[in-house]
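I opened this one to see where its empty space lies and what surrounds it. Notes follow in the order I looked things up.

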Amino acid sequence: MSFASVILALVTLQRLGELVLSRRNTERLLAQGAVEVGANHYPLIVLVHAGWLTALWIWGRNQDVNLAALAGFLVLQGLRVWILAALGPRWTTRIVVLPGAPLIASGPYRYFPHPNYAVVVGEIALLPLALHLPRLALIFTLVNLAMLALRIRVENRALSVSDWPRASTP
(Lines give C-alpha, C1' and ligand atoms only; values in the text may rest on other atoms or scores of the structure.)
Protein backbone atom coordinates (compact mmCIF):
# COMPACT_ATOMS: atom_id res chain seq x y z
CA MET A 1 0.00 0.00 0.00
CA SER A 2 1.40 3.38 -0.99
CA PHE A 3 1.87 6.31 1.40
CA ALA A 4 -0.78 8.20 -0.59
CA SER A 5 -3.26 5.33 -0.06
CA VAL A 6 -2.58 5.37 3.67
CA ILE A 7 -3.26 9.11 3.78
CA LEU A 8 -6.47 8.69 1.78
CA ALA A 9 -7.61 5.81 3.99
CA LEU A 10 -7.06 7.93 7.11
CA VAL A 11 -8.91 10.92 5.62
CA THR A 12 -11.77 8.68 4.49
CA LEU A 13 -12.06 7.13 7.96
CA GLN A 14 -11.94 10.60 9.53
CA ARG A 15 -14.76 11.83 7.30
CA LEU A 16 -16.89 8.74 7.97
CA GLY A 17 -16.33 9.17 11.71
CA GLU A 18 -17.35 12.80 11.43
CA LEU A 19 -20.56 11.80 9.66
CA VAL A 20 -21.38 9.45 12.54
CA LEU A 21 -20.65 12.19 15.09
CA SER A 22 -22.66 14.69 13.07
CA ARG A 23 -25.66 12.38 12.88
CA ARG A 24 -25.53 11.76 16.64
CA ASN A 25 -25.24 15.49 17.41
CA THR A 26 -27.99 16.37 14.94
CA GLU A 27 -30.39 13.85 16.47
CA ARG A 28 -29.67 15.18 19.98
CA LEU A 29 -30.11 18.79 18.92
CA LEU A 30 -33.37 18.06 17.12
CA ALA A 31 -34.64 16.22 20.22
CA GLN A 32 -33.89 19.41 22.20
CA GLY A 33 -36.03 21.50 19.85
CA ALA A 34 -33.43 22.56 17.30
CA VAL A 35 -34.40 23.31 13.72
CA GLU A 36 -32.54 22.24 10.59
CA VAL A 37 -32.18 24.94 7.96
CA GLY A 38 -31.00 24.53 4.38
CA ALA A 39 -31.61 20.78 4.23
CA ASN A 40 -32.35 21.03 0.51
CA HIS A 41 -28.71 21.86 -0.35
CA TYR A 42 -27.17 19.30 2.04
CA PRO A 43 -27.12 16.48 -0.58
CA LEU A 44 -25.06 18.78 -2.82
CA ILE A 45 -22.50 19.19 -0.03
CA VAL A 46 -22.30 15.43 0.43
CA LEU A 47 -21.95 14.96 -3.33
CA VAL A 48 -19.09 17.48 -3.60
CA HIS A 49 -17.17 15.94 -0.71
CA ALA A 50 -17.79 12.37 -1.85
CA GLY A 51 -16.73 13.36 -5.38
CA TRP A 52 -13.57 14.97 -4.01
CA LEU A 53 -12.61 11.86 -2.05
CA THR A 54 -13.50 9.56 -4.93
CA ALA A 55 -11.40 11.60 -7.36
CA LEU A 56 -8.50 11.53 -4.91
CA TRP A 57 -8.74 7.75 -4.65
CA ILE A 58 -8.94 7.34 -8.43
CA TRP A 59 -6.06 9.64 -9.40
CA GLY A 60 -4.07 10.07 -6.21
CA ARG A 61 -3.75 6.72 -4.48
CA ASN A 62 -0.41 5.86 -6.08
CA GLN A 63 1.05 9.37 -6.35
CA ASP A 64 4.17 10.56 -4.63
CA VAL A 65 3.40 12.82 -1.69
CA ASN A 66 4.43 16.47 -1.53
CA LEU A 67 5.43 16.72 2.14
CA ALA A 68 5.08 20.52 2.33
CA ALA A 69 1.45 20.41 1.14
CA LEU A 70 0.81 17.45 3.43
CA ALA A 71 2.22 19.43 6.37
CA GLY A 72 -0.21 22.25 5.57
CA PHE A 73 -3.05 19.75 5.44
CA LEU A 74 -2.00 18.35 8.83
CA VAL A 75 -2.00 21.85 10.35
CA LEU A 76 -5.58 22.19 9.12
CA GLN A 77 -6.43 18.94 10.91
CA GLY A 78 -5.34 20.57 14.16
CA LEU A 79 -7.62 23.51 13.40
CA ARG A 80 -10.43 21.06 12.59
CA VAL A 81 -10.04 19.47 16.03
CA TRP A 82 -10.09 22.93 17.65
CA ILE A 83 -13.34 23.73 15.83
CA LEU A 84 -14.93 20.44 16.86
CA ALA A 85 -13.89 21.05 20.48
CA ALA A 86 -15.27 24.60 20.44
CA LEU A 87 -18.65 23.49 19.07
CA GLY A 88 -18.80 20.30 21.14
CA PRO A 89 -22.24 18.66 20.92
CA ARG A 90 -23.45 21.45 18.61
CA TRP A 91 -21.07 20.46 15.80
CA THR A 92 -22.85 18.99 12.78
CA THR A 93 -22.34 18.85 9.05
CA ARG A 94 -25.84 20.30 8.70
CA ILE A 95 -27.13 23.74 9.65
CA VAL A 96 -28.95 23.06 12.91
CA VAL A 97 -30.04 26.00 15.05
CA LEU A 98 -31.05 25.58 18.68
CA PRO A 99 -33.44 28.44 19.50
CA GLY A 100 -32.43 30.33 22.61
CA ALA A 101 -28.91 28.89 22.69
CA PRO A 102 -26.04 31.36 22.62
CA LEU A 103 -23.85 31.52 19.56
CA ILE A 104 -20.48 29.87 20.05
CA ALA A 105 -17.90 32.59 20.61
CA SER A 106 -14.96 30.55 21.90
CA GLY A 107 -12.05 28.82 20.22
CA PRO A 108 -11.56 29.93 16.62
CA TYR A 109 -15.07 31.43 16.60
CA ARG A 110 -13.65 34.19 18.79
CA TYR A 111 -11.63 35.38 15.79
CA PHE A 112 -13.94 34.93 12.80
CA PRO A 113 -17.41 33.56 12.11
CA HIS A 114 -16.84 30.54 9.85
CA PRO A 115 -13.48 28.94 10.66
CA ASN A 116 -14.80 25.50 9.72
CA TYR A 117 -15.41 26.60 6.14
CA ALA A 118 -11.96 28.18 5.91
CA VAL A 119 -10.45 24.85 7.01
CA VAL A 120 -12.50 22.93 4.44
CA VAL A 121 -11.43 25.30 1.65
CA GLY A 122 -7.81 24.71 2.61
CA GLU A 123 -8.25 20.94 2.87
CA ILE A 124 -9.94 20.67 -0.52
CA ALA A 125 -7.01 22.50 -2.10
CA LEU A 126 -4.09 21.08 -0.12
CA LEU A 127 -4.76 17.34 -0.18
CA PRO A 128 -4.87 17.16 -4.00
CA LEU A 129 -1.76 19.34 -4.11
CA ALA A 130 -0.07 16.94 -1.69
CA LEU A 131 -0.80 14.22 -4.25
CA HIS A 132 0.41 16.30 -7.24
CA LEU A 133 -3.10 16.86 -8.59
CA PRO A 134 -3.29 20.64 -9.16
CA ARG A 135 -6.22 20.47 -11.62
CA LEU A 136 -8.24 18.48 -9.12
CA ALA A 137 -7.38 21.05 -6.44
CA LEU A 138 -8.56 23.88 -8.69
CA ILE A 139 -11.77 22.19 -9.85
CA PHE A 140 -12.93 21.16 -6.39
CA THR A 141 -11.86 24.44 -4.81
CA LEU A 142 -14.00 26.37 -7.29
CA VAL A 143 -16.97 24.01 -6.89
CA ASN A 144 -16.65 24.15 -3.11
CA LEU A 145 -16.44 27.95 -3.09
CA ALA A 146 -19.63 28.19 -5.14
CA MET A 147 -21.38 25.79 -2.76
CA LEU A 148 -20.08 27.67 0.29
CA ALA A 149 -21.39 30.98 -1.05
CA LEU A 150 -24.89 29.49 -0.81
CA ARG A 151 -24.30 27.68 2.46
CA ILE A 152 -22.82 30.63 4.32
CA ARG A 153 -25.66 32.87 3.17
CA VAL A 154 -28.22 30.32 4.45
CA GLU A 155 -26.33 29.77 7.70
CA ASN A 156 -25.92 33.49 8.40
CA ARG A 157 -29.62 34.04 7.79
CA ALA A 158 -30.51 31.12 10.09
CA LEU A 159 -28.25 32.33 12.89
CA SER A 160 -29.61 35.87 12.73
CA VAL A 161 -33.34 35.13 12.80
CA SER A 162 -34.64 37.66 15.29
CA ASP A 163 -37.55 35.58 16.60
CA TRP A 164 -35.14 32.93 17.91
CA PRO A 165 -34.11 34.47 21.22
CA ARG A 166 -30.60 33.67 22.34
CA ALA A 167 -28.38 34.82 25.12
CA SER A 168 -25.23 36.70 24.27
CA THR A 169 -21.94 34.94 24.77
CA PRO A 170 -19.00 36.92 26.17
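**Helix 5 first**

I began with the buried side of helix 5: L136, A137, F140, T141, N144, M147, L148, R151, V154, E155 and A158 are buried there. Worth keeping in mind throughout: this is a predicted model.

Next I asked what those residues pack against. The buried residues of helix 5 pack against strand 1 (35-37), helix 2, strand 2 and helix 4.

I then checked the length. Helix 5 has 26 residues and runs 35 Å from first C-alpha to last, close to the 38 Å expected at 1.5 Å a residue.

**Two residues on helix 5**

I picked F140, which lies in helix 5. Is F140 buried or exposed? I have F140 down as buried because its relative accessible area is 14%, and the cut-off for buried is under 20%.

What does F140 touch, once residues up to four places away in sequence are set aside? I found V48, G51, W52, A55 and I124. For G51 I also looked up the C-alpha distance: F140 and G51 are 8.7 Å apart in space, with their places 89 residues apart in sequence.

For contrast I went to R135, another entry on my list for helix 5. R135 has a relative accessible area of 70%, so I noted R135 as exposed, the cut-off being over 50%. From R135 to A125 I read 9.8 Å, C-alpha to C-alpha, at 10 residues apart in sequence.

**Helix 4 and the loop after it**

Does helix 4 come out at its expected span or away from it? Its 16 residues should span 22 Å at 1.5 Å a residue, and the end C-alpha atoms are 22 Å apart, so the two agree.

I listed the buried residues of helix 4 too: P115, N116, Y117, V119, V120, G122, E123, I124, L127, P128 and A130. Their cover includes helix 1, helix 2, helix 3 and helix 5.

Then I stepped off the end of the helix. H132 sits in the loop between helix 4 and helix 5. The phi of H132 caught my eye: it is near 60°, a positive value in a residue other than glycine. I put H132 down as partly exposed because its relative accessibility is 42%, in between the 20% and 50% cut-offs.

**The largest pocket**

Now for the space itself. How much space lies in the largest pocket? I get about 1,100 Å³.

I counted 44 lining residues, and W91, T92, T93, N116 and R151 lie nearest the centre of the pocket. Two of these I had met already: N116 is on the buried list for helix 4, and R151 is on the one for helix 5.

Which elements build the lining? Helix 1 (3-31), helix 2 (42-60), helix 3 (67-87), strand 2 (95-97), helix 4 (115-130) and helix 5 (134-159) each supply at least two residues. Helix 5 has the largest share of the lining, with seven residues.

I sorted the lining of this pocket by character as well, and it divides into 27 nonpolar, eight polar and nine charged residues.

**The second largest pocket**

The second largest pocket has a volume of about 190 Å³. I wrote out its lining in full: L19, V20, S22, R23, T26, E27, L30, Y42, T93 and R94. T93 is on this list and is also among the residues nearest the centre of the largest pocket.

Which element gives the most to this lining? Helix 1 does, with seven residues. By character I have four nonpolar, three polar and three charged.

I looked further at T26, which lies in helix 1. T26 counts as buried because its relative accessibility is 8%. Leaving aside neighbours within four places in sequence, I find T26 in contact with T92, R94 and V96.

**Against the record**

Last, I pulled the UniProt annotation. The unreviewed entry gives "transmembrane region" for residues 41-60, 67-88 and 129-150.

I compared two of these spans with the model. Residues 41-60 are 95% helix and 0% strand, with end C-alpha atoms 28 Å apart. Residues 129-150 are 86% helix and 0% strand, and there the end C-alpha atoms lie 25 Å apart.

Conventions
Residues are numbered from 1 along each chain as its sequence is written. This is a predicted model: local features need pLDDT of at least 70, side-chain atom pairs count only at pLDDT 80 or more; totals for chains, interfaces and linings use all residues. Side-chain values use heavy atoms; hydrogens and water are left out. UniProt positions are given in the numbering used here, feature names are shortened, and annotations may be inferred rather than shown by experiment. Helices (H or I, at least four residues) and strands (E, at least two) are DSSP runs, numbered from the N terminus. On a 1 Å grid over the protein atoms alone, a cavity is a set of points where a 1.4 Å probe fits but cannot get out, and a pocket is an open set with protein on both sides within 12 Å along at least five of seven lines; lining residues have an atom within 4 Å of a point. Grid points are joined across faces, edges and corners, and a volume is the space filled by probe spheres set on the points. Ala, Val, Leu, Ile, Met, Phe, Trp, Tyr, Cys and Pro count as nonpolar, Asp, Glu, Lys and Arg as charged, and the others, Gly among them, as polar. Buried means under 20% relative accessible area, exposed over 50%, partly exposed in between (1.4 Å probe, protein chains only). Contact means heavy atoms within 4.5 Å. The expected span of a helix is 1.5 Å times one less than its number of residues.
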